Amino acid sequence: KNLHAEASGKSFEQLAEAARTDWNSELEHFEIEGTPDQKAMFYTSLYHTMINPSVYMDVDGSYRGLDHNIHRAEGFTNYTIFSLWDTYRAEHPLLMLMKPNEATDMVKSMIKHQQQSVHGLLPVWSHMANDNWCMSGYHSTSVLTDAITKGADVNKEEALKAMVVTSNVSYYDGIGDYIKLGYVPFDVNGTAASTTLEYAYDDWAIYKLGKALGKPESEIAVFAKHAMNYKNLFDPETKLMRGRNEDGSFQSPFNPLKWGDAFTEGNSWHYTWSVFHDPQGLIDLMGGKTGFNAMMDSVFNVPPLFDDSYYGGVIHEIREMQIMNMGNYAHGNQPIQHMIYLYNYSGEPWKAQYWVREVMDKLYFATPDGYCGDEDNGQTSAWYVFSALGFYPVCPGTDQYILGSPLFKSVTLNLENGKKVVIKANNNGEANRYISSMKVNGKNYTKNYLIHGDLMRGMNILYNMSATPNKSRGTQDSDAPYSFSNELGK
């Protein structure tokens, strides 16, 4: 039936031409002015972001569900391949910006997944009629809240229920201890520190949606409390996140450079910044902006450790850090990919502009070996697509995109609703990576972020770029993006 519906009466040449036409139509959502290599890199990355998640159903809408029964997708297209530890960061937000109809169907698929799960869990790493539970966190909560915040037409009550149920499956990956102690203990769980940080952000996403739906504080206050659990891992002596044991003591011995150990695929220097929802709270823990910026700067200066790995050897991500010569900034893996943009929260946005360009210029090439690290189902490419445009979704679940440095002199986004976002960057070039000034729809603009709804209504963005940083633009507290501590008045 599938073959008949999709290929009946068509030659191989006709099918190949139809595929070529379809891909060109998708890629034409972006019109960029750049060098041939820049175009190759950008459109290859864009192509990667549209491979997964993938459609998972027959032409009549039937598919095998997580309960291994046959279900029929009514009113939506069913998707699978939700590599959520990777893709909640930028892949899903990019799809919500440029492909909101498909992204909405993906969210509906996640809700159905949870309803068919014997454990009541939203997808962790959805793979056809299974969940392989690879990696940690329950990051479907991030994708659901982000999509609903940005207008996805889904059953919001079902979504919130699925999120709350997932967060209370006590036997799954340390959740019971996390609820009881406020962290996952290291002497019980081998990736306890990173898992705690991920749960704290995911619980913020639950609180955010519950508040948006007008739920009473008595129902959702627990998630606001859990959103601050990242503080339970902060070690004031090292100013880094550190594993904590069941008795409350910090992990000892502690080597913040050691890859693995209490952190999933990374070390403390990578994960300390995984407070997506509350950078201001992290700034406060580090003694203010000066201390925070000094620690951020250190990421690029502290050399990686090669002879002490949880994996028993030098894995490719560790080797890539050595080759990249950027200290402990491990862009080849996902946990630190948002970190550069945090300078926008701490009064030094020009450093974000500098380092974003360094990564794009040094770590992405239009060659067979031109990708750093793992692609991971579109996440590493989505980082590039967003960053080349000049902004990035540091905290999915908010409606904000945080500014970096636009790569192209000109780019037009042709949105699915027919509106256009036109981005111009005067004097842009390899040396001129700093934003001297910026106008949005003809008006001077000093904020370090853009708003999703404003983009969706169509927007004209004009940058004036310079070889020297403007250290007065975007430095006021009012220019900083969202932080949960500010919302709570803490």
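Begin by selecting helices α3 (36-49) and α16 (349-363), each of which supplies at least two residues of the lining of the largest pocket in what is a predicted model. With both helices displayed, add T35, Q38, D361, L407 and E430, which lie nearest the centre of that pocket among the 19 residues that line it. The space enclosed there comes to about 380 Å³, and the lining, sorted by class, consists of eight nonpolar, six charged and five polar residues.

Next, move to the second largest pocket, whose volume is about 210 Å³, and select strand β2 (54-55) together with helix α6, since each supplies at least two residues of its lining. Of the 13 lining residues, M50, P53, Y79, E102 and M106 lie nearest the centre, while the lining as a whole has seven nonpolar, three polar and three charged residues.

Stay with α6 and select residues 100-116 in full: at 1.5 Å a residue these 17 residues should span 24 Å, and the end C-alpha atoms are indeed 24 Å apart, in agreement with that expectation. Colouring the helix by accessibility shows that 12 of its 17 residues are buried, so α6 is largely enclosed by the rest of the structure; the buried residues include P100, M106, I111 and Q116.

Finally, select the cysteines, bearing in mind that the structure holds zero disulfides. C134 takes part in none, and the nearest cysteine sulfur, belonging to C372, is 19 Å away, far beyond the 2.5 Å cut-off for a disulfide. C134 is partly exposed, at a relative accessible area of 32%, whereas C395, at 4% relative accessibility, counts as buried.

Conventions. Residues numbered from 1 in each chain as written. Predicted model: local features only at pLDDT ≥ 70, side-chain atom pairs only at ≥ 80, totals over all residues. Heavy atoms only, no water. Helix = DSSP H or I, 4+ residues; strand = E, 2+ residues; numbered from the N terminus. Expected span 1.5 Å × (residues − 1). Buried < 20%, exposed > 50% of the residue type's maximum accessible area, 1.4 Å probe, protein only. 1 Å grid on protein atoms, 1.4 Å probe; cavity = no way out; pocket = protein on both sides within 12 Å on 5 of 7 lines; lining within 4 Å. Points joined across faces, edges and corners; volume = space filled by probe spheres on them. Nonpolar A, V, L, I, M, F, W, Y, C, P; charged D, E, K, R; others polar.
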